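Let's take a walk through a protein structure together. Keep the sequence and the 3D view side by side as you read.

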Amino acid sequence: MKTLNSKSVTTWLILIVFLLLNWVSYGLYIRFDLSRSGRLRLTSATKKILKKLPEPVRIEAYFSEDVPESHIAQVKMLRDFLTEYEASSGGNVILQFLDPDKDEDAQSRANDFGIQPIDLGMIGEKGTEIKRIYLSVVLL
């Protein structure tokens with residue numbers, strides 16, 4: 001019978017501990033804002049208000065997937081911020097992302113709210129690029 005070397009045992013133990021931690025923490029929701037400015041951190045007062053809303057608030061975010069490169073970071077930050085509101089609300093904020101470019105029902109709903117696509121331009125190595133995108137949020 002061949003014995004396991006200490007590297008194999010250590011590797012297996014680390015793997016088992018990792019799997020156990022994942023299993024134990026499955027129901028927990030913990031987020032950390034590691035940005036220097038804390039711009040994605042909601043204050044405790046905001047979280048308290050969100051949890052005590054008298055009725056749920058529905059947020060419909062109409063975002064095109066194909067955004068010019070120069071605007072991707074801002075769109076991602078807005079998505080993250082809206083997601084943080086939903087996560088901190090205790091179920092009082094219901095968030096839905098819709099892409100009217102790919103979904104006719106979403107486009108029709110956006111039109112019902114008066115939402116129209118906007119032209120975003122970008123000057124890059126390939127020249128000037130203008131894209132027509134949706135980038136709007138509706139609170140219901």
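Start with the outside: the protein chain exposes about 10900 Å², and carbon and sulfur atoms supply 59% of that area. Keep in mind that what you're looking at is a predicted model. Of the 140 residues in the protein chain, 23% count as buried. We'll meet a few of those buried residues along the way.

Now for the overall layout. The protein chain has 4 helices and 5 strands. If you trace the chain from the N terminus, the elements come in the order α-α-β-α-β-α-β-β-β. What about contacts between residues at least 6 apart in sequence? In the protein chain, 69% of those join residues at least 24 apart.

Let's look at the sheet next. Strands of a sheet pair through backbone hydrogen bonds, either parallel or antiparallel. Here, 3 strands form an open sheet in the order E2-E1-E5, with mixed pairing. E2 and strand E5 (135–139) stand at the edges with a single partner strand each, so one side of each has no neighbour in the sheet. On average, neighbouring strands of this sheet are turned by 15° against each other, if you ignore direction. Zoom in on E1 and E2: these two run parallel and are joined by 6 bridges. For one spot to find on screen, try Ala61, whose bridge partner in E2 is Phe97. Then bring a helix into the picture: H3 lies across E1, E2 and E5, and runs at about 150° to E2.

Where does the chain go after H3? Between helix H3 (72–88) and strand E2 (93–98) there is a loop, and Ser89 lies in it. Is Ser89 buried or exposed? Its relative accessible area is 1%, and buried means under 20%, so Ser89 is buried. The side chain of Ser89 has polar partners close by in the sequence. One of its polar atoms lies 3.1 Å from the backbone nitrogen of Asn92, and the side chain also reaches the backbone nitrogen of Val93 at 2.9 Å. Leaving aside neighbours within four places in sequence, Ser89 is in contact with Leu50 and Lys51.

Next up are the charged residues. Side chains of opposite charge can pair when their charged atoms come close. In this structure there are 6 salt bridges. One of them is between the side chains of Arg109 and Glu60, at 2.8 Å from N to O. Arg109 lies in helix H4 (residues 104–112) and Glu60 in strand E1, so this pair ties together parts that are 49 residues apart in sequence. The two ends of the pair are covered to different degrees: Arg109 is partly exposed, with a relative accessible area of 34%, whereas Glu60 is buried, with a value of 1%. There's a third member to find here too, since Arg58, Glu60 and Arg109 are linked in a network of salt bridges.

A second salt bridge to look up joins the side chains of Lys102 and Glu65, at 2.9 Å from N to O. Lys102 sits in the loop between E2 and H4, and Glu65 in the loop between E1 and H3, so the pair ties together parts 37 residues apart in sequence. Lys102 is exposed, with a relative accessible area of 61%, and Glu65 counts as exposed as well, at 59% relative accessibility.

Let's move along to Lys131 and Asp66, whose side chains meet in a salt bridge of 2.9 Å, N to O. This pair links distant parts of the chain, with Lys131 in strand E4 (residues 127–133) and Asp66 in the loop between E1 and H3, 65 residues apart. Lys131 counts as buried, at 18% relative accessibility. Which residues does Lys131 touch, not counting those up to four places away in sequence? They are Asp66, Val67, Pro68, Ile118, Asp119 and Leu120.

Val67 on that list makes a good last stop. You'll find Val67 in the loop between strand E1 (57–63) and H3, and at 9% relative accessibility it counts as buried. Apart from neighbours within four places in sequence, Val67 is in contact with Ile72, Val75, Lys131 and Ile133. Val67 and Leu135 are 68 residues apart along the chain, and 9.3 Å separates their C-alpha atoms.

Notes:
Residues are numbered from 1 along each chain as its sequence is written. This is a predicted model: local features need pLDDT of at least 70, side-chain atom pairs count only at pLDDT 80 or more; totals for chains, interfaces and linings use all residues. Side-chain values use heavy atoms; hydrogens and water are left out. Buried means under 20% relative accessible area, exposed over 50%, partly exposed in between (1.4 Å probe, protein chains only). A polar contact is a pair of N or O atoms within 3.5 Å; within protein, one must be able to donate a hydrogen and the other to accept it, and residues adjacent in sequence count only if both atoms are side-chain atoms. Contact means heavy atoms within 4.5 Å. Accessible areas come from the Shrake-Rupley method with a 1.4 Å probe; for residues, only the protein chains shown count as cover. A salt bridge is a side-chain nitrogen of Lys or Arg within 4 Å of a carboxyl oxygen of Asp or Glu. Two strands pair if DSSP finds at least two bridges between them. Axes are lines fitted to C-alpha atoms, for helices over the stretch in contact, and angles run from 0 to 180 degrees between N-to-C directions.
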